[in-house]
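Visitor: Could you walk me through this model and tell me how each label is earned?
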Amino acid sequence: MSPSIDEKSDRVTNGQAKISGPFPISGDIMTLEGSFYASAQLLIQQIAYSLSESIFSYSPEDFDLDSAVSEWSKFGQKSAKGITPQLHKLESRIGAASVLLGYLYNRGGINSEVQTVLASSATLEYMKPVLAQFALEEDYKTPLVFQIAAVDYATETGKLVTDYLPAAHISRDLGLGLISSLSVNDAQHIALLATALSRVLPTIHVYEGVRGVRETSRTNNVLDAVDVSNKYDAIKASEGSLSSKILSTFENLNASLGTSYRPFEYSGDANAETVIVSFGSVEGVIASQVVQALPNVGAVNVRLYSPFLDQEFLRLLPSSTKKIIVLGQVENQGQVDDSRVHSGLYSDVATSVLMKYGFNGSAPTVADAKYSRETVWTPTEVFELLNSSPSDLISESTKQFTFWDVDTSKSATAAATLAHTLSLDPTVAVNYFSAHDNETLGGVVESSIRVSHQPLEAPYPVQKADVVFVNDVKILNEYNVLENARNGATLLISSKHAAEEVEKVLNNAAKKSIAEKKVRLSTVDYEAIGENPETLGRTQTMVQQIAFWKTAYPQLTLNEITTKIVTANGVDTELVAATVASLIEKVAEIGLSSASVPEEWAKVDQTVELSSSFVYPTSFTANKLAGTIEQELNVVPESLTWVDAAKKVTFKEAYGVQSELRPDLSVKNFVSKVQVNERVTPADYDRHIFHLELDITGTGLTYAIGEALGVHAPNSTEQVNEFIEWYGLDPHEIVSIPAREDGDVYEEAKTTYHVLKDNLDIFGKPPKKFYESLATYATNPKEKSHLEKLASAEGAAELKKRAEEDFDTYADILHEFSSAHPTIAQLVEIVAPLKRREYSIASSQKVHPNAVHLLIVVVDWVDSRGRKRFGQCSKFLSGLSAGDEVVVSVKPSVMKLPHDTKAPIIMSGLGTGLAPFKAFLEEKAWQKAQGYEIGDIYLFLGSRHQRQEYLYGELFEAYKNAGILTYIGAAFSRDQPQKIYIQDRIKQAKEKLIDAFVTKGGSFYLCGPTWPVPDISGALADIVATEAATRGETIDAAREIENLKEQERYILEVY
């Protein structure tokens, strides 16, 4: 049986629960073929996995750009070539392509196997400096393809935006290929085409990132992995010029697939006088559809943006063309309004027209219809560009629904469940999309469903919803949910108020919107229906589904609705039809109500509301691809009796129970034991710094030079007991809490004492969201109001003071606002989990095979109330004795030694930042002992006083005497009248460092606090500039320092 990636379930199955979308994805890549429901991004991942030797993924956590390839790799799935592609998960940061470039160079550059990058357009900006090096290497022939989701966060608005600009700029600047797909229907083909083009030149395939990742539709004629591989092998480029190679690749793809893709694709009137030119998925689809509905207009979709083949574009343009409207993306609205700024696409089109027509009067005019990254295209905007009245592009027979809910709702997955149920009807095609706004009401999700008789391409928000389902009445006062509803639509609201009483909780703006749309108003009351234990906690989501079926499809019989509910919810339970039928009848009798909208609602005065601080949004704009529903756990914390716990422990197989070491931690963890805990600063010195040695014998823990050790420290026993006593908790009460590991969700049973000691950061700093959540539990009106203020913009100043001056903890806030008293199970939901603290490893495992060394300073300070405060983890570690156990894990780091043992290294550390350099020196001593030739080693260190804080000083002096360490530049800032800092010692060794760092190509490492980075970077810039001057060259020293960072020769580990 093939494994399955379940994108629908909100259920706990075999101890696991995952939520992402309505349609499951097979864990067997070979089963993806024919007709099924998919996103464009899934099909692109299939191409990557089928054709690549290695996949380099730069996927932000909530983007899920590699979700499928991660699962296929996890299950060891083979591609059609019989290999399991290597999957490298990397971070998006400056120099992000360094690992990729190093990999290609290590392979020698000439390699016929495909290397694929999965990333967002934001990552491309980080990659550019490194890719510039690759672009210059004419001898490197490895096929390199970038599958790029055009999505980014706009920092000025905090919204999720579609961003084609990085791909356009980088492809042009570096001479890369750039091609785009329009929708799920061509995503697989264009991803294949881009991979084939990568044999001609490195190629970027860009697709709409917001909808391409989150929108799921039925697609037909999908190639399976074997077909993909065979097609790729058959697509060959001809010899000749670059343009001829590209065109022949297009032709061979079309011959193989029976398609007609071209660098530029025209639709509309063959004798059009006005032609729209666009590059991009949504705008391309809409433009081609709009021109089909109008006379004398046409549209050109720029399939291949780079290189821009002018002759191909001009050949396609109708000779009747008098005006060209270019839809060109620019950065922001300011550039849209600035007449001096032109879009890149406009410049290309205008240049092509100028090349053909020159400056004579017969040339068509070219207009730059600029739009910002925040623009959300709909057909209306394109019709207006063409001075035409908007008309419907979607058939009246297509049903359209929108669902609004808060992320944390028990029924937040109802829309996805309904989409899946609707898709089971083979006579219809379903389109599903969800978007998240995590800044309003703690997280809001809008989902939309379209149901048509033929597969539908409509990559834009629903415009005329038949039913709008709002599962939290507060949403109506935040968004104009009816903006995209048709006149006469049904508004179905979840509310304890009957339909005729719902006006009590609506503001005037919402009432006016309801009246103007002439909607039919209905409500469903979950409280009146009550919880049915036979549904195993799913009553609310079932009621929502029943209310939908009764409202949207009133012709369905009781038996038909029963079948749909059982099908959607009863797969892994003993749910019986009689239970569901009874629930349906109850919903119809006492749960659903409807009422006419009072005429006076259309006349309400909303002036006061709209001129106050309340702003009524006109539309929903996503700011996250995944919402709380995907980040929070669906297993609700609950209290258990000892009998319940005993049953689960005794009958482990029946309950799916496993005993594991810290299963709540998402990384591989180990139990180490303290060997040595030695303070290295005097007892009367104000900084407590200690050297810690942990025994890892028999644990299987391995670490590399430069890596960090994550310490999973518990809370203080004394503090936990004090909290339990004053909060009034039973320390022995069993709590079933949600936990997560590797994306799986399951339940973990612990006592209250151990939950507070091991799981919750109850003595940590709470975020604003905690105040918002806690306010819902406050029974004292003043406390409730104060908490709500702290969670609002009005309370920002006080919140900042509490965080940065008072250092209030979760426990402090619970003590201060005592009327808010969540249960322990509720605390689990609103208090953040304890996080590991990471410390640079101060040992080489070649020298200490069964130990890890750390150098740690106890973090302490006095808050504004005079209380002595400590860092949670450093305080815990400082109090350990020999034999005490510590749970640890390993974290990779950028602090790596050069591969060439003869290359010089320059180490610069402040305070405990010297830890990794002790490990470096141990490794170098080991290398020398093994007969390797080692290069010069320089050490610069800084602290306040030599007597109290010359950390590892005797050891460093010994290495110098033994000929391992070449030079020590120690800066003790307070041992003399004038302050001497580490950068001063670096400047004093300038001539030596010119030789080691520049002439011999050494590497410079800095570890410690961030404050000296500008001065040290300045000192290094002076060193490289001085060396260049000796050769008679003037260089941009600051730029050269950035290049050294990208080459990983200037490495920073600062905090």
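Guide: What follows is a set of questions about a predicted model, each answered from its computed values.

Visitor: How do you know how far to trust the prediction, going by the mean pLDDT of the chain?
Guide: On a scale from 0 to 100, the chain averages 85, and 88% of its residues reach 70 or more. Residues 1-20 have a pLDDT below 50, and this stretch has 62 contacts in the model beyond near neighbours in sequence. Residues 740-746 are also below 50, with 36 such contacts. Where pLDDT is low, the predicted coordinates should not be read in detail.

Visitor: Why is glutamate 265 counted as buried?
Guide: The cut-off for buried is under 20% relative accessible area. Glutamate 265 has 17% relative accessibility, so it counts as buried. This residue is found in strand 13 (residues 264-268).

Visitor: Which residues is glutamate 265 in contact with, leaving aside its neighbours within four places in sequence?
Guide: They are Ser260, Ala299, Val300, Asn301, Arg303 and Leu316. The C-alpha atoms of glutamate 265 and valine 302 are separated by 6.7 Å, although the two residues are 37 apart along the chain.

Visitor: What makes asparagine 387 and lysine 518 worth a look, as far as phi goes?
Guide: Most residues other than glycine have a negative phi, and most peptide bonds are trans. Asparagine 387 has a positive phi, near 55 degrees, and lysine 518 has a positive phi of about 55 degrees. Asparagine 387 sits in the loop between helix 14 (379-385) and strand 19 (399-406). Lysine 518 is in the loop between helix 16 (508-516) and strand 24 (520-524).

Visitor: Are those two buried or exposed?
Guide: Exposed means over 50%. Asparagine 387, at 72% relative accessibility, counts as exposed, and lysine 518, at 63%, counts as exposed too.

Visitor: What makes the peptide bond from serine 306 to proline 307 cis or trans?
Guide: Omega is the value to look at: for this bond it is near -5 degrees, and the bond is cis. Proline 307 belongs to the loop between strand 16 (304-306) and helix 11 (310-316).

Visitor: How do you know whether the length of helix 18 agrees with its number of residues?
Guide: Helix 18 (residues 539-552) has 14 residues, and at 1.5 Å a residue they should span 20 Å. The end C-alpha atoms of helix 18 are 20 Å apart, which agrees.

Visitor: Why is helix 18 described as largely enclosed?
Guide: Because 12 of its 14 residues are buried, helix 18 is largely enclosed by the rest of the structure. Among the buried ones are Met542, Val543, Ile546, Phe548 and Trp549.

Visitor: And why is strand 21 called largely enclosed?
Guide: Nine of the nine residues of strand 21 (residues 444-452) are buried, so the same description applies. Val444, Glu446, Ser448, Arg450 and Ser452 point one way, while Val445, Ser447, Ile449 and Val451 point the other way, and all are buried.

Visitor: How do you know that strand 21 pairs with strand 19 and strand 20?
Guide: Pairing needs at least two bridges. Strand 19 and strand 21 are joined by eight bridges and run antiparallel, with glutamine 400 opposite arginine 450. Strand 20 (residues 429-437) and strand 21 are joined by nine bridges and also run antiparallel, with alanine 435 opposite glutamate 446. The hairpin of strand 20 and strand 21 has six residues between the strands, and leucine 441 takes a positive phi there, near 55 degrees.

Visitor: What makes the sheet with the order 39-38-37-40-41 an open one?
Guide: This sheet has five strands with parallel pairing. Strand 39 (967-972) and strand 41 (1050-1054) stand at its edges with a single partner strand each, so one side of each is left without a neighbour in the sheet. Strand 38 (residues 937-943) pairs with strand 39 over six bridges; there, leucine 941 has alanine 970 as its bridge partner. Helix 38 (residues 1013-1030) lies across strand 37 (905-910), strand 40 (1003-1008) and strand 41.

Visitor: Which residues have the most contacts inside the largest nonpolar core?
Guide: Phe146 is one of them, along with Val117, Leu192, Val277, Phe313, Leu345 and Val349, in a core of 115 residues. Helix 6 (residues 184-197) gives the largest share of this core, nine residues. Another core, of 35 residues, lies apart from it and includes Tyr37, Tyr432, Val524 and Tyr526.

Conventions
Residues are numbered from 1 along each chain as its sequence is written. This is a predicted model: local features need pLDDT of at least 70, side-chain atom pairs count only at pLDDT 80 or more; totals for chains, interfaces and linings use all residues. Side-chain values use heavy atoms; hydrogens and water are left out. Helices (H or I, at least four residues) and strands (E, at least two) are DSSP runs, numbered from the N terminus. Contact means heavy atoms within 4.5 Å. Axes are lines fitted to C-alpha atoms, for helices over the stretch in contact, and angles run from 0 to 180 degrees between N-to-C directions. A nonpolar core is a set of buried Ala, Val, Leu, Ile, Met, Phe, Trp, Tyr and Cys residues joined through side-chain atoms within 4.5 Å. Buried means under 20% relative accessible area, exposed over 50%, partly exposed in between (1.4 Å probe, protein chains only). The expected span of a helix is 1.5 Å times one less than its number of residues.
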